[in-house]
Amino acid sequence: MSNLKLKRELERGFRDDGHALPAVAARCALTSDAHLQEVLVRAREAAPVWGTFPIETRLRLGERVHQEVLRRRAEFVEVLVAEGHPRRLAEWEIAGVLQGTSPEALALSHRQLHEECRIGPRTLTLVRKPDGVVVLSPPQNAAASNSILGVPALVAGNTLVVKAPRSSPYGVMFAWREIIAPILDELGAPPGTLGLVCGTPNKILTQWLESPLVDDIFFFGGSERGIQLGVDAVTRGKKPVLELAGNDGCVVWRDADLDSAAEALTESFFGSGQICMVPKYAVAHPDIADELLARLTGLVAKIRPGYPDDPDVLLSPVMRADEYFTHLNEATAAGATVVTGGHRMEIDGTVSETGPFISPTVLRVDGLADARELAVVREETFFPLLPVVVPAVDHDGLLDEVIAFLNANRYGLRNSLWTGDPDVIDAVATRVHNGGLLKVNDSHIGFVPRLSTHGGTGLTGGPFGELNYPLLRTSHLQGISVATGVQPRTAVFDSAASREVPR
């Protein structure tokens, strides 16, 4: 708490001795109004140059970022730990960066960027063209790793301006100044291809919205702010790429591997639940609910608070403790029961009314029909509180009800399922349209090859939300036909529709 007070005093200009304080790991300058404008001007000037670089050169950027992050992984983790990320979660974040720039991901990008074929007298090409200038505002809680989703935007041929959060700029500046900028220089990218800024968020976002130099706004944040930003962007002729809140569901069916399912549900408490893509609620089949809760309770008891450099720590201090108790009290007043947790803790795990940590809390919510009336199930939560919804009884239509329950979620980041029944897997995979990603019998937050790490529907990604491949979202598809020996008048009328129908 003393370091937090010191940080705020330095940020607000109440003291200026940061350079001499051992508690200060790094400092970042605030961008002046003149430079906020200059970075956009230079990005606009560089866009037509960088956009015409060969696809192979731009893909090389992704390869080199992968190599350098891999080489400097330990150093990158230490930067994130210095920002307050628990070490194991910092390692998970870097794993996501490496997965997103892996050879499999880049090979998929290559196929998505350019496809060509020859049909008759024409060479037909489908090619993705860059939108132009992309600006990116990452989230405060995981700014560095999420900001690297800007790399695919560069691979697509866009120029990029990244805003480092004023509250946590160190990781962003390290990633882009120390790792990515030198690679762009190595590839011969023109000045202005990359810009970094740091300042008051509302002022920078307003400038981006109003500036004719900006084409796409890539924004991470809360749903209420993000959806309105999307509306404002479209009104001004800009493309919004939104990564907003998540309220992920995990279904554990009657025949699930309960040990593995319980282990996956503990991911709800990573970072004290202050990660958008962890499970936020679960639905447990009534036949196995008691056994699942017993196993989950045993695993939760091993999750403890501590300092971020401790490799066994997964909890972080909770910034919204009052909101936690509001949700908890509403749920218990409506009949939910606390299975474990429900109190604040000091860093040594002792119960305290003022501790900065909250004990991992599991709620049992009986009844599927009214569960979404509870804010703890209906809304995204950003604290360690997992409601486990247990339908009243098993019956023939229960799977239909569970699928409808998942689809009724206003958010749509991820869903996961635990079952050994191929028919259940097929039904959920076919009929659940909510979410950008569905994982079956797997870690909810673990990264997998080829599938993007982000993106979703509803309040997670807005009306254009889907599994988010930034390379696709910050570019547009163009078709090109190059003909040889074609007579224009003949070509007008010689279409597929005029060909003889086979007998």
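Analyst: A salt bridge is a side-chain nitrogen of Lys or Arg within 4 Å of a carboxyl oxygen of Asp or Glu. Keep that handy, and remember that this model is predicted.

User: Okay, what makes Asp290 and Arg364 a salt bridge?

Analyst: Their side chains meet at 2.6 Å, N to O. The cut-off is 4 Å, so the pair qualifies. Asp290 is in helix 13 (residues 289-300) and Arg364 in strand 13 (residues 361-366), so the bridge ties together parts that are 74 residues apart in sequence.

User: Are those two partners buried or exposed?

Analyst: One of each! Asp290 has a relative accessible area of 54%, and exposed means over 50%, so Asp290 is exposed. Arg364 has 18%, and buried means under 20%, so Arg364 is buried.

User: Which other residue does Arg364 meet in a salt bridge?

Analyst: Asp366, at 2.9 Å, N to O. That is within the 4 Å limit too, so the name fits.

User: How many salt bridges turn up in the whole structure?

Analyst: The search finds 23. One of them joins Asp215 and Arg44 at 2.7 Å, N to O. Asp215 sits in the loop between helix 10 (201-210) and strand 6 (216-220), while Arg44 belongs to helix 2 (residues 33-50), so this pair links parts 171 residues apart in sequence. There is also a network of salt bridges linking Arg64, Glu68, Arg71 and Glu186.

User: Why is Arg44 called partly exposed?

Analyst: Arg44 has 27% relative accessibility. Under 20% would be buried and over 50% exposed, so a value in between is partly exposed.

User: And why is Leu98 called buried?

Analyst: Leu98, which is in helix 5, has a relative accessible area of 10%. The line for buried is under 20%, so Leu98 is on the buried side.

User: What makes Leu4 eligible for a nonpolar patch on the surface?

Analyst: A patch residue needs over 30% relative accessible area, and Leu4 has 32%, so it passes while still counting as partly exposed. Leu4 is found in helix 1 (residues 2-11). The patch is made of Met1, Leu4 and Met319, with about 370 Å² of accessible area together.

User: Let's talk about empty space. How many cavities of 30 Å³ or more are there?

Analyst: One. The largest cavity holds about 30 Å³ of space. A probe fits inside a cavity but cannot get out, so this is what sets it apart from a pocket, which is open.

User: How do you know which class each lining residue of that cavity belongs to?

Analyst: Sort them by name. Leu437, Phe447, Val448 and Leu451 line the cavity, and Leu, Phe and Val count as nonpolar. Arg414 is in the lining as well, and Arg counts as charged. Gly446, Ser452 and Thr453 complete the lining, and they go under polar. The tally is four nonpolar, three polar and one charged.

User: What about the second largest pocket: how much space lies in there?

Analyst: About 430 Å³. It is lined by 19 residues, and the closest to its centre are Arg88, Glu263, Thr266, Phe270 and Leu314. Helix 5 (87-100) and helix 12 (258-265) are the elements that give two or more residues to the lining.

User: What classes make up that lining?

Analyst: Nine nonpolar, three polar and seven charged residues.

Terms used. Residues are numbered from 1 along each chain as its sequence is written. This is a predicted model: local features need pLDDT of at least 70, side-chain atom pairs count only at pLDDT 80 or more; totals for chains, interfaces and linings use all residues. Side-chain values use heavy atoms; hydrogens and water are left out. On a 1 Å grid over the protein atoms alone, a cavity is a set of points where a 1.4 Å probe fits but cannot get out, and a pocket is an open set with protein on both sides within 12 Å along at least five of seven lines; lining residues have an atom within 4 Å of a point. Grid points are joined across faces, edges and corners, and a volume is the space filled by probe spheres set on the points. Helices (H or I, at least four residues) and strands (E, at least two) are DSSP runs, numbered from the N terminus. Patches are made of residues with over 30% relative accessible area and no salt bridge: like charges are joined within 9 Å, nonpolar side chains (Val, Leu, Ile, Met, Phe, Trp, Tyr) within 5 Å. Accessible areas come from the Shrake-Rupley method with a 1.4 Å probe; for residues, only the protein chains shown count as cover. Buried means under 20% relative accessible area, exposed over 50%, partly exposed in between (1.4 Å probe, protein chains only).
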